Amino acid sequence: MSRPIIPPLLALMAGITCSSLLTIPDLPVQAFLAFVLLILLVRMKGGRRILSPCLLLSFFLAGILAMNRDLHPYRGGDHIINFVGNEKINIEGMIYDNPEVMHDRMAFVLSVSRVLREGVYAPASGRLLVSMREPDVLRYGDVVRITTRLRLPHSFQNPGGFDYERHLRFRGILVRGFVNDPTGLVILRRDKGNPLRAALEGFRSRLRQSILKTAPATEGSIIRAMLLGDQKGIPKETMDLFNRTGTTHIIAISGFNIGIVAVFSLFVVRLFLKSSEYLLLRWNLHVIPMVSAIVVVGLYTLIAGSGISVVRASIMVVLFMVAILINRERDLYNTLALAAFLILI
């Protein structure tokens, strides 16, 4: 059985791995990629003898460039990293994502637009991770001004330990700041983000508040973690118990949760169709539940915050259901390779 996805997947993985282990400049890779694509364009009639190696080489080079974009992003003259120092400056920008509230503190990502230093405004760009000692009423799309000193994030450099600096780079964050008290932050405007995303974040906030009112104790924080992917409110003692018993996967949204959502959707839609002879004759009992489950999984992915583990699990579940729809469920390896390929992209 033909599995055309596996070779380009391996080539992409090899490129990503090489860029992770070695520092490879963009310019020679871009020039080589342009040369390979030019060969493909000129020798398109050369058959698979030249087509396949060139395509695989293209995916390998694309993997290098993709990883370089995250690990070594372009930093122009107006990037916020150029304002790092001991001096306090005023920074304006829009909150890029819903803030994370952790008991007595808050953290949010600021998409910077300009800075005020020595009474002069200067345009600025890039993302800044801001931590606040006292939580404030902030949400996605708020335009704020903060007063802070900018610092470069650093890891502890422990062998095999968590690389905090690398983690932030994958989020497009090269700089962080700290606001000591509420006077260091001023809300300038509200609701300036993408309207669709603002509506989604508003729905998530209302759902979060509803859970808080219904179950304000530890149970509510666990429900928020299972539904919204928000684990910040779970007390440390409770998290330690989950870790000790090896049951942390229950509160982390992943394949287990997405699978439950998909199976429950299939069951409900099939039950609804079977309730009426007219619906059974009118609609396909095999296709409609599958399509409905795919839609529900997509909606749940958005509601759960579209975290990495959620998106990864959703892609795998959706592709598995699509394979069933097109009668390719027996080709498991090709389906897994396609899922891995899309996840890496």
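This is a short walk through the structure above, from its overall build to some of its local details.

Let us begin with the whole chain, keeping in mind that the model is predicted. The chain holds twelve helices and nine strands. Measured out along its principal axes, the C-alpha trace spans about 70 × 60 × 40 Å. Of the 345 residues in the chain, 34% are buried.

A good place to look next is helix α12, which covers residues 332-344. With its 13 residues, α12 reaches 18 Å from its first C-alpha to its last, close to the 18 Å expected at 1.5 Å a residue. Which residues of α12 are buried? They are N334, T335, A337, A339 and F341. As a reminder for reading such a list against the model, an α-helix has 3.6 residues a turn, so residues three or four places apart point the same way.

F341 deserves a second look, as it leads us to the aromatic pairs. A search of the whole structure finds two of them. In one, F59 and F341 meet edge-to-face, with 5.5 Å centre to centre and 75 degrees between the planes. F59 lies in helix α3 (residues 48-71) and F341 in helix α12, so this contact ties together parts that are 282 residues apart in sequence. The partners differ in their exposure class: F341 counts as buried at 12% relative accessibility, whereas F59, at 29%, counts as partly exposed.

The other aromatic pair is formed by F162 and Y164. Here the rings are tilted, with 6.5 Å centre to centre and 50 degrees between the planes. F162 is exposed, with a relative accessible area of 60%, while Y164 is partly exposed, with a relative accessible area of 25%.

Now let us turn to the second largest pocket, which has a volume of about 200 Å³. Its lining is made up of 13 residues, and the closest to the pocket centre are K88, T147, T148, F178 and N180. Which strands each supply at least two residues of this lining? They are β6 (143-148) and β8 (173-179). The largest share, four residues, comes from β8. What is the make-up of the lining by class? There are two nonpolar, six polar and five charged residues.

From the pocket we can move to the cysteines. How many disulfides does the structure hold? The count is zero. A disulfide is a covalent bond between the sulfur atoms of two cysteines, and here the distances explain the absence of one at C18 and C54. The cysteine sulfur closest to that of C18 is in C54, and because these atoms are 18 Å apart, they are too far for a bond. Seen from the other side, C54 has C18 as the residue with the closest cysteine sulfur, again at 18 Å and too far for a bond. As for their surroundings, C18 is partly exposed, with a relative accessible area of 27%, and C54 counts as buried at 10% relative accessibility.

A backbone detail comes next. Most residues other than glycine have a negative phi, and most peptide bonds are trans. D191 is not a glycine, yet it has a positive phi of about 55 degrees. You will find D191 in the loop between β9 (185-189) and α5 (195-214). D191 is partly exposed, with a relative accessible area of 48%.

We can finish with two residues that help in relating sequence separation to distance in space. The first stop is V101, in strand β2 (residues 100-102). V101 is partly exposed, with a relative accessible area of 43%. V101 and M132 are 31 residues apart along the chain, and their C-alpha atoms are separated by 9.5 Å.

The other stop is L273, in helix α8 (residues 255-274). Is L273 buried or exposed? At 4% relative accessibility, L273 counts as buried. The C-alpha atoms of L273 and L200 are separated by 30 Å, and these residues are 73 apart along the chain.

Conventions: Residues numbered from 1 in each chain as written. Predicted model: local features only at pLDDT ≥ 70, side-chain atom pairs only at ≥ 80, totals over all residues. Heavy atoms only, no water. 1 Å grid on protein atoms, 1.4 Å probe; cavity = no way out; pocket = protein on both sides within 12 Å on 5 of 7 lines; lining within 4 Å. Points joined across faces, edges and corners; volume = space filled by probe spheres on them. Nonpolar A, V, L, I, M, F, W, Y, C, P; charged D, E, K, R; others polar. Disulfide = S-S within 2.5 Å. Buried < 20%, exposed > 50% of the residue type's maximum accessible area, 1.4 Å probe, protein only. Expected span 1.5 Å × (residues − 1). Phe/Tyr/Trp six-rings, centres within 6.5 Å; stacked < 30°, edge-to-face > 60°.
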